[in-house]
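Trainee: Could you take me through one part of this model in close detail? I would like to follow a single strand and its neighbours, and then see what lies around them.

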Amino acid sequence: MGNDLNSFEKLIKESLENHEVPYDASHWDEMNQSLDSLAKPSTFSTSTLYAALIAAGIIVSGVFIYQSIDSESTLTANELVYHEDTTDQPFNVKPSNANETAPAVVQHDGNNEANNAEEAAEEGANDNAEIIVDNVNDNNKTNNTEAEEPVHNNTPQVTNNEEPNHQPQQTPHAVNAVKPTLVFNSDVMEGCGGVKVRFFANSNEIKGNYLWNFGDGTYSKEVSPVHTYTEADNGYDVSLTVQGNDGEVYTRTIEDMITVYERPEADFDWEFSENNIIPMVEFQNKANAIEWKWNFNDGHKSFSKAPTHLFRKKGIYNVELIVSNIYNCYDTIVKPVRINNDLNLLAATGFTPNGDGLNDDFLPEALKVMDVNFQMNIYNKDGQLIYDTNEKSRPWDGRVLGTGNMAVPGTYVWVVVIKDNFGFQDTHKGTITLLE
């Protein structure tokens, strides 16, 4: 046996070192009586007597040791070799069954101890100690494992040969594949007649053959088509059907997806005013609209529904009309207008302010019929202002402005400036002779 002691042997050692045999004088008296009855002078020697005394002491010590172990230490030894737990046992030791027969323990009394003193002396004290040890260690020999001090801590016992803190691998549950959703959209949702709409599908995961139904009787097989709606409608239903590469057919319809508003139709007519000599043109609007914009292509514009315009120079003018309705839908039309003569104010060369009713005042004839703003000034030969007017009803009657006196007969210079509503103006000059 080596120098290392197991847990049980350590327990025996500590019990022997700390144990004191209680003294009882009656025990010694009994032992002396037994020795006296057995003692024979002719057969026992001094050495035999010493051996008997030693044996008796060993037996008594063994009895007390055994009783101490049986009453106090047996449970401790069993605890060392067996721990009942719901988890795996820290030691491979089978627990004792309550129905199993406990190991037999040899009972000793005073007479037997005296009768067997010689036998005990011959067998030696170690035999008795080995009997006790063997009885306790029988449980430890089940799996040839020596009992050790258990370590009590908070580390959980792990079963099924798994490492601590190891999560058992879970078997993934079968999940049914979710069918992709067909999604599509457009860059615009409403517009006027002739609007171009681009459609595109957002379901990139669906690959296959596409078929678009634009709701106006037309179709497309493109993935992202552009379609033009020409007719007004409160809402076109648009459908998309995709035959996927997986064999599945996906269909979706969006009701009233595209709203198309009616456009106004721009159109106009034109004619010259009553005096064909004056290049004054009257325009008649034929569009059902709420706003109009005219461009006469001579630098002048108008926002009137039916304007009248004076062209100053002869030529061909492409007149443009843009109209719009309540939906802010618009239409445009352009028509040519031919002007044959430059603007001539048709001013007379002389007048006779004598009150006879014939040529009594001066105002260019064109200003009398034109619907324009004007300013007419009359100057003498020295450049002095003699008369001015901006009203058709106030032509020059031959009098000097502010005095009421008749002007001296002679030649005078007239200057007419015509202005429109946009700030454009034309200047016309000539001479007039005042006659007596």
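Mentor: Happy to; what follows starts with one strand and then moves outward to the rest of the chain. Keep in mind throughout that this is a predicted model.

Let us begin with strand E3, which covers residues 195–201. Its side chains alternate between two faces. On one face you will find Val195, Val197, Phe199 and Ala201, and these are buried. Lys196, Arg198 and Phe200 point to the other face and are not buried. Note that Phe199 and Phe200 fall on opposite sides of this division, with Phe199 among the buried residues and Phe200 among those that are not.

Now for the neighbours of E3. Strand E1, residues 184–186, pairs with E3 in the antiparallel sense, and 3 bridges link them. Within this pairing, Asn185 has Phe200 of E3 as its bridge partner. E3 also pairs with strand E6, residues 226–229; here the two strands run antiparallel and are joined by 4 bridges. In that pairing, Lys196 stands opposite Thr228 of E6. So two residues from the face of E3 that is not buried, Phe200 and Lys196, can serve as your landmarks: use Phe200 to find Asn185, and Lys196 to find Thr228.

Next, have a look at an open sheet of 5 strands, with the order E2-E8-E7-E4-E5 and mixed pairing. Strands E2 (190–192) and E5 (219–220) stand at its edges; each has a single partner strand, so one side of each is left without a neighbour in the sheet. For E2, 3 bridges join it to strand E8, residues 249–261, and these two strands run parallel. A handy marker there is Gly191, which stands opposite Val260 in E8.

Moving to the surface, Ile290, Ile326 and Tyr327 make a nonpolar patch of about 330 Å². Ile326 sits in the loop between strand E14 (315–324) and strand E15 (330–339). Ile326 counts as exposed because its relative accessibility is 64%, where the cut-off for exposed is over 50%.

Finally, here is the setting for all these pieces. The protein has 7 helices and 20 strands. Of its 436 residues, 30% are buried. Among contacts with a separation of 6 or more, 55% are between residues 24 or more positions apart. The protein exposes about 29000 Å², and carbon and sulfur atoms supply 46% of that area.

Note on methods. Residues are numbered from 1 along each chain as its sequence is written. This is a predicted model: local features need pLDDT of at least 70, side-chain atom pairs count only at pLDDT 80 or more; totals for chains, interfaces and linings use all residues. Side-chain values use heavy atoms; hydrogens and water are left out. Buried means under 20% relative accessible area, exposed over 50%, partly exposed in between (1.4 Å probe, protein chains only). Two strands pair if DSSP finds at least two bridges between them. Contact means heavy atoms within 4.5 Å. Accessible areas come from the Shrake-Rupley method with a 1.4 Å probe; for residues, only the protein chains shown count as cover. Patches are made of residues with over 30% relative accessible area and no salt bridge: like charges are joined within 9 Å, nonpolar side chains (Val, Leu, Ile, Met, Phe, Trp, Tyr) within 5 Å. A salt bridge is a side-chain nitrogen of Lys or Arg within 4 Å of a carboxyl oxygen of Asp or Glu.
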